[in-house]
Amino acid sequence: MLIKQPDHIASSEITPKATYMRRREFLAALVTLPTVSRMVTTSDAVTPKNAVTSYTNFYEFGSDKGDASRYGGAFKPSPWTVTVDGLCGKPGTYALEDILKPHPLEERVYRMRCVEGWSMVIPWDGFALANLLKRFQPSDKARFVEFTSVERASEMPGVRRGVLPFPYREGLRMDEAMHPLTILAAGLYGETLLTPNGAPLRLVVPWKYGFKGIKSIVRIHFVEKQPLNTWQDANPFYYGFYANVNPAVATPSYSQATERRLGEIFKRETLPFNGYAEQVASMYAGMDPKKLF
Ligand SMILES: Nc1nc2c(c(=O)[nH]1)N[C@H]1C(S)=C(S)[C@@H](COP(=O)(O)O)O[C@H]1N2
Ligand SMILES: [Mo]
């Protein structure tokens, strides 16, 4: 078996050389097949596909985990455009095809964890967000990137009922957005993304709680100031900007020490940064981990 680091995640981009050798032990689980790009970041079993597509949080369709698959039938993820604006050299409205074309899809098997305590292992089909953002030439002033979801009352019953302040919004600091583990996904389990999981294009940030993974993206906005995300807007006491998975710090609503993998009976321990600490912890050096929820 060939165990190799993929080219696009050169260790020098993530950690200083000194820690590289230590990191390799962790990367033993990170396998790239030579032909198609495939990154497996965990030895945990992949969650059955039907659990991943039928148990979702997509409040535009309703607040029940089954609402997006129940009411998603009217939603049309095609044709689709993404508007890019703010502090960048190449703003514009791009067709989905233009967004995807230069970026061959890679399979990324990632651990995912919702703040509510359930977790999954999902084989996403996506590409590094960094590669897309670079095409728009973000200016030096752009310190954050803000994403917005589609808001279509006619196709989305949760939007009609106003169950959250829509449109759904999320944000990342620029270094988080440019991190090689951060991807935009256009598929899962080798198939085109289904509506409940955020068709046709959604964000995946595996060291953060699930709510950062904004679905059905229609806008990418480069900004100077830290943007507000929808959950923070709805309830700033419960939700913060960073949402880094931290088992040592309970959020006001949930303990974060353990999680239940969908399809399993016994709970398992939650890992700092959801198991991606070696790759991402250095981005938060000097920051109070209690404030990183
Ligand atoms: N537009 C939009 N994106 C969203 C949400 C949402 O309600 N609307 N829910 C978030 C939450 S709380 C979670 S846990 C993840 C879940 O992604 P999954 O359903 O594909 O597992 O999507 C996130 N992205
Ligand atoms: Mo969530």
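The questions and answers below cover the ligand site, the cavities and some unusual backbone geometry in a predicted model.

Student: Which residues come nearest to ligand 1?
Tutor: Ligand 1 has 16 residues around it. Those residues divide into seven nonpolar, six polar and three charged. The ones that come nearest are Y59, E60, S149, G213 and K215.

Student: How far is a polar side-chain atom of E60 from a nitrogen atom of ligand 1?
Tutor: A polar contact needs a pair of N or O atoms within 3.5 Å. The E60 side chain supplies one polar atom, and ligand 1 supplies a nitrogen. The distance between them is 2.8 Å.

Student: Which side chain has an N or O atom 2.7 Å from an oxygen atom of ligand 1?
Tutor: Consider two side chains here. R202 places an N or O atom 2.9 Å from an oxygen atom of ligand 1. The 2.7 Å pair belongs to K215.

Student: What share of the area of ligand 1 does the protein bury?
Tutor: Start with the ligand by itself. Taken alone, ligand 1 exposes 530 Å². The protein buries a share of that area equal to 96%.

Student: Where does ligand 1 sit?
Tutor: Look at the empty space first. Rolling a probe the size of a water molecule over the atoms shows where that space is left. The count comes to four cavities of 30 Å³ or more. Ligand 1 sits in the largest cavity.

Student: How much space lies in the largest cavity?
Tutor: The lining of this cavity has 28 residues. Closest to its centre are N57, W118, G210, F211 and K215. The space inside is about 440 Å³.

Student: Which element gives the largest share of the lining of the largest cavity?
Tutor: Two elements give two or more residues to this lining: β4 (106–113) and β5 (118–128). The largest share is five residues, and it comes from β5.

Student: How many charged residues are in the lining of the largest cavity?
Tutor: Sort the lining by residue class. The nonpolar residues number 16 and the polar ones seven. The charged residues number five.

Student: How many charged residues line the second largest cavity?
Tutor: About 40 Å³ of space lies in this cavity. Its lining is V115, Y209, F211, Y238, Y239, G240, A243, T251 and F293. These divide into seven nonpolar and two polar, and the charged count is no residues.

Student: Where is P167, the residue after the cis bond from F166?
Tutor: Most peptide bonds are trans. The bond from F166 to P167 is cis, with omega near 0°. P167 is found in the loop between α7 (157–161) and β7 (169–173).

Student: Which two residues does the cis peptide bond at P200 join?
Tutor: P200 is found in the loop between β9 (191–192) and β10 (202–204). Omega at this bond is about 0°. The joined residues are A199 and P200.

Student: What is the phi of S216?
Tutor: Most residues other than glycine have a negative phi. S216 is not a glycine, yet its phi is positive. S216 has its place in the loop between β10 and β11 (217–223). The phi of S216 is about 45°.

How values were computed:
Residues numbered from 1 in each chain as written. Chains lettered and ligands numbered in written order. Predicted model: local features only at pLDDT ≥ 70, side-chain atom pairs only at ≥ 80, totals over all residues. Heavy atoms only, no water. Near = heavy atom within 4 Å. Polar contact = N/O pair within 3.5 Å; in protein donor to acceptor, adjacent residues only side chain to side chain. Areas by Shrake-Rupley, 256 points an atom, 1.4 Å probe, with all protein chains shown as cover. 1 Å grid on protein atoms, 1.4 Å probe; cavity = no way out; pocket = protein on both sides within 12 Å on 5 of 7 lines; lining within 4 Å. Sits in = over half its atoms within 2 Å of the grid points. Nonpolar A, V, L, I, M, F, W, Y, C, P; charged D, E, K, R; others polar. Points joined across faces, edges and corners; volume = space filled by probe spheres on them. Helix = DSSP H or I, 4+ residues; strand = E, 2+ residues; numbered from the N terminus.
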